Amino acid sequence: MSDSKQWYTVCSVNDLVENSGICALLEKDDEKQIAIFSLPQQPEKVFAVDNFDPIGKANVLYRGITGSTQGEPIVASPLYKQQFSLKTGLCIQEEAAITAYQARIAEQEVQILL
Amino acid sequence: MSASNQLNTAQKIVVVGNGMVGHHFVEQVANLRESATAAEITVLSAENRLAYDRVHLSEFFGGKTAQDLALTDEATYSDWQVDFRTNAKVSKIDRVNKLVITETGETFSYDKLVLATGSYPFVPPIPGGDQPHCLVYRTIEDLEAIQRTAESSKVGVVIGGGLLGLEAANALKQLGLQTHVVEFAPQLMAVQVDAGGGRLLKDKIEELGVKVHTSKATKVIEQGEVCRYKLVFSDGTELETDMVLFSAGIRPYDNLGRENGLEVGERGGIVVNSQCQTSDNEIYAIGECALYKNFIYGLVAPGYTMAKVAANQILATDEQASFNGADMSTKLKLMGVDVGSIGDAHGKTEGSLSYTYENQPEGVYKKIVVSADKKLMLGAVLVGDTSEYDSLLQYMLNAIELPEAPEALILPMAGDKPTLGADALPDTATICSCLNVTKGDIIEAIDLGATSVGDIKSCTKASTGCGGCSALLKNVVDKELENRGVEVKKDICEHFAYSRQELFDIVKVEKISSFEQLVDKHGTGSGCEICKPTVGSILASVWNDYILDKAQVPLQDTNDNFLANMQKDGTYSIVPRIPGGEITPEKLIVIGEVAKKYNLYTKITGGQRIDLFGARVDQLPDIWAELINAGLETGHAYGKAVRTVKSCVGSTWCRYGVQDSVGMAIQIEDRYKGIRAPHKIKFAVSGCTRECAEAQSKDFGVIATDKGWNLYVCGNGGMKPRHGDLFATDLDDETLIKYIDRIFAFYIQTGDRLQRTSVWMDNMEGGLAYLQKVVIDDHLGVCDELEAQMANVIGKYQCEWKTTLENPEALKRFRQFVNSDKTDSNIQFVTEREQIRPAREEEKINIIDVTHVSKAVALEEE
Ligand code: SRM
Ligand SMILES: Cc1cc2nc3c(=O)[nH]c(=O)nc-3n(C[C@H](O)[C@H](O)[C@H](O)COP(=O)(O)OP(=O)(O)OC[C@H]3O[C@@H](n4cnc5c(N)ncnc54)[C@H](O)[C@@H]3O)c2cc1C
Ligand code: SF4
Ligand code: FES
């Protein structure tokens, strides 16, 4: 199925905040909210995951603190502090997961594979 | 294995009863079986809902809902591919054709049948005991009925003074009833505690306003004269009440066994062997309906063990699994009274000896029962103080040899009490009884790589039940790690091998001004939610720069980052500073108008100011612009910083006041506002010794005297209240401020991450006297530096909201979406008591963004 996926532009690199997150609304995809993190130290540079925190049940993940655990890039939910891997979306402390999307920077634009 | 092959081996398991134990069995099977087709589970529950937590049932009266108490839900069972029916009471078993039949005539066939029908409250056959307001305490429906009846009652009686009876009495008391407990035996809790303990327990419970009547047999319940009913006792006395709760013991639901030819005990209970099989090999019984060696285990932990055994036997995953009885020791808090009962509490063992300690004035009773040779612990009773429970239990469970003078274990000889080190415990020692985790299991987990209490919790599940074992668990884990030469670290997290104080010194000495600098030189990785805010706070304490600087943003907790407190639904609250609690009518009106305009929930806080809730992230700047325009400032309710300086009205108005407490409070608040610290800081100033500002419960408390001010330090309200220590007396204004400057700066430098001043003081070697030496006598020669440090940060104060509003870059962060003006459709409110509150999950509707819709409509109209 992967060949039917496409890269969508969600914002410009100027919208990013280094070592922190922002949120984009995907109008085409049922108003899905995507949290986008800019981590210049990581080879991927940008990461995109669901903005909805399945544990706190609110659209807040983009306001979480980013960092790493055992080298894996993570974001910690601002509500109850569980960490989610930015690579896989898996929660480190509990049985929970969010979707992680492939993201890239192309010609000053932030794009997500959907 | 092919699909058809799997179908052939599929085993049909039917579980009757979905109480705590029945549900635990389902969970075990779902986890242990190879696949859902390998073992099909059907659950038949007589109740109208799936399993819930009966142990915490009483919390229903404390505001917990049925949903909060639920142990599972339909989605989870569907997920596990468990077929379930509620309102499906089984009335018959056809053992020949291996079928169960429900009351409504539905039939289900089984290969293995598991009876987990639990028990029901025993109602003694007292004439008149079947009237409408005579109730029992077992299910959520029972509690709802109690609640309804209580509404039309003033007096309530619980018949039965056992463990559950006292819990029920507490519930009636909470519901506001004048409460009585009637017990047939001469003492309360006769199963768990001895006569001495029972006597003390009665005193304590009566002190709490519950009347206890022991040695009373109820003969009949008649119509009352003042109340609804009247209990007539066999000794001729009477007691009037509006309602009666029976809590006279439980009886196993063993009718399915009894009526279908399974062996049952003389006094009830379906007989099982150590594999939890009944007299029919294909039928198992677990939990409170099962009788093992002529004993019914009326606690949840043994039931869980049975569930695990039955699951392993039925799936053949562990043929060795067996139930061999269980320890019935218990520790609990009844109406605030600590009670512990271990093993042979009554000293029934041949030749046993006992030691008793009773301290009537303080309400403490302790007894230990030891073997004839004084080498082994056999049992114990603890009332009023259960701090030795863990130790005593381990002595008994593991047959550890007692010290020379066993009485030392319960005597209050401050300091030299022999403690049972984690090392002394054998590997078989149960550390967590709820989840049945032994010291051996913990050692194994450490061998496999676990290196912290957190790791152990997630792989063994220890300490995830009642939580009572957490201190012991930490003890064992730390000791084991130490034994292996692993240093038990004070590191704040995996990224820095330093404590907060060490990091503070590094930042200061090396003049470090950013997280990157610090992690490059002294850490690893890219940080986390623990070290980033800590470093952010240290940088702010040392340099007091604007906290939303580009480099600072990623360090701050969301509250600091958005300069507001995040609420459960992702909206924020807004707390303007109201120094000393003094506010002009004009400012009050502005706050009211802003709240009205943005439709914010408004509440007076416990800190003498006003909190506005429910602002979306994108509304924060507009709201603050209006507040700042009116001369208000941020209240730092979001920061680990100075919160409020509470004041009483003082000498200006109050006829007793001896100093201007409001004036001093405002001076203090203006001086220290905005300063970041290891944790939040609260002050209060009272105008006289009556102490209306409750200053002794604050980090810094100031109380006026006719000569000046008394300074109290390191008080705390909150989770573990602590009275402040009197630091110095009769200070003039200038000395008062000087001392506060020094203590505050010293705390900022040496306090641990998230350590309030109360804990800081309790951990300080030398305590109050040492702090006085440092601050008053300049014992360390650091006072000049401390004052300079304070002067430096005080000079740099800025209202963070004002600065933010002037900074377009920073403002960019205050939006939900970078690419749209829509708002978050998951934020929804409903009205309650004329104001908004967040909608609960079930109240939410899948609406499209309303602001957006109305905008679109407006455009069309144009
Ligand atoms: C709003 C308020 C309750 C109220 O409706 O009255 C409140 C609300 C919160 N308190 Fe409090 N506390 C409030 C007065 C208090 C008081 C009373 C006082 O200050 O006189 C105390 C006990 C005094 C003390 O601190 O020693 C208090 C002890 C706590 C604690 C426990 C601290 C401790 O050391 O044990 C926490 C948790 C923490 O800080 O870790 C806490 C935490 C919280 C948090 C921040 C929880 C959170 O993370 O969401 C709440 C969020 C506030 C918000 O969203 O605006 N709150 N809290 C009060 C705000 C006062 C103000 O104007 O700033
Ligand atoms: C208020 C209260 C406080 C307690 N506190 C503690 C405590 O602190 N610590 C502790 O260890 N224990 C405590 N207990 C005891 C604990 O709740 C029980 O040990 C535990 O619930 C037993 O689980 P069970 O599954 O065997 O029985 P239950 O939880 O009673 O479940 C049995 C279920 O089977 C159903 N059933 C019965 N017959 C049929 C049938 N024919 N067909 C279908 N379904 C049927 C019943 O309706 C019920 O839902 C407390 C109990 C109460 C009531
Ligand atoms: S006590 Fe404080 S922290 Fe707890 S709910 Fe109330 S406001 Fe929140
Ligand atoms: S003993 Fe209850 S959680 Fe460990």
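How far is an oxygen atom of ligand 1 from an N or O atom in the side chain of B:Gln567? In this predicted model, the gap comes to 2.5 Å. A second side chain, that of B:Asn716, places an N or O atom 2.6 Å from an oxygen atom of ligand 1. The backbone joins in as well: a polar backbone atom of B:Gly717 sits 2.7 Å from an oxygen atom of the ligand. Around these contacts, the shell of ligand 1 is made up of 20 residues, with B:Gln567, B:Gly606, B:Asp611, B:Lys698 and B:Asn716 the closest. Sorted by character, that shell holds two nonpolar residues, 11 polar ones and seven charged ones.

Ligand 2 also has its surroundings in chain B, where B:Glu47, B:Arg54, B:Arg138, B:Glu288 and B:Val300 are the closest of 29 surrounding residues. Here the shell splits into 15 nonpolar, eight polar and six charged residues. As for polar contacts, B:Arg138 brings a polar side-chain atom to 2.6 Å from an oxygen atom of ligand 2. Backbone atoms take part too: a polar one from B:Met20 is 3.3 Å from an oxygen atom of the ligand, and a polar one from B:Thr117 is 3.5 Å from an oxygen atom of ligand 2. On its own, ligand 2 would expose 1,000 Å², and the protein buries 92% of that area. Two elements of chain B, α2 (20-32) and α6 (163-174), each supply two or more residues to this shell. Of the elements, α2(B) gives the most, with three residues.

Moving on to the strands of chain B, β32 (residues 642-647) is mostly covered, with six of its six residues buried. Its partner is β33 (residues 681-686) of chain B; the two strands run parallel and are joined by four bridges. Within this pairing, B:Ser647 stands opposite B:Val685 of β33(B). Helix α20 (residues 661-672) of chain B completes the picture: together with β32(B) and β33(B), the helix makes a β-α-β unit, and that unit is left-handed.

Further along chain B, strand β35 (residues 708-713) holds B:Asn710. Is B:Asn710 buried or exposed? With a relative accessible area of 14%, B:Asn710 falls under the 20% cut-off, so this residue counts as buried. Its side chain has a polar atom 2.9 Å from the backbone nitrogen of B:Asp730.

Chain A is an all-strand affair, with zero helices and 12 strands. Following the sequence, the pattern is simply β-β-β-β-β-β-β-β-β-β-β-β. The chain has 114 residues, of which 57% count as buried.

Four of these strands form an open antiparallel sheet in chain A, in the order β2-β3-β4-β10. The edge positions go to β2 (20-26) and β10 (100-101) of chain A; each has a single partner strand, so one side of each lacks a neighbour in the sheet. Inside the sheet, β3 (residues 32-38) and β4 (residues 46-50) of chain A run antiparallel and are linked by five bridges. One facing pair in this stretch is A:Ser38 with A:Val46 of β4(A).

Backbone angles add a detail in both chains. Which residue of chain A has a positive phi although it is not a glycine? That residue is A:Gln70, with a phi of about 50 degrees. A:Gln70 lies in the loop that connects β7 (65-69) to β8 (72-76) of chain A. Its relative accessibility is 69%, and because the threshold for exposed is over 50%, A:Gln70 counts as exposed.

In chain B, B:Lys293 likewise has a positive phi of about 50 degrees and is not a glycine. This lysine is found in the loop between β20 (290-292) and α9 (300-315) of chain B. At 67% relative accessibility, B:Lys293 also counts as exposed.

Methods
Residues numbered from 1 in each chain as written. Chains lettered and ligands numbered in written order. Predicted model: local features only at pLDDT ≥ 70, side-chain atom pairs only at ≥ 80, totals over all residues. Heavy atoms only, no water. Buried < 20%, exposed > 50% of the residue type's maximum accessible area, 1.4 Å probe, protein only. Pairing = 2+ DSSP bridges. Right-handed = clockwise from strand over helix to strand, strands pointing away. Near = heavy atom within 4 Å. Polar contact = N/O pair within 3.5 Å; in protein donor to acceptor, adjacent residues only side chain to side chain. Areas by Shrake-Rupley, 256 points an atom, 1.4 Å probe, with all protein chains shown as cover. Nonpolar A, V, L, I, M, F, W, Y, C, P; charged D, E, K, R; others polar.
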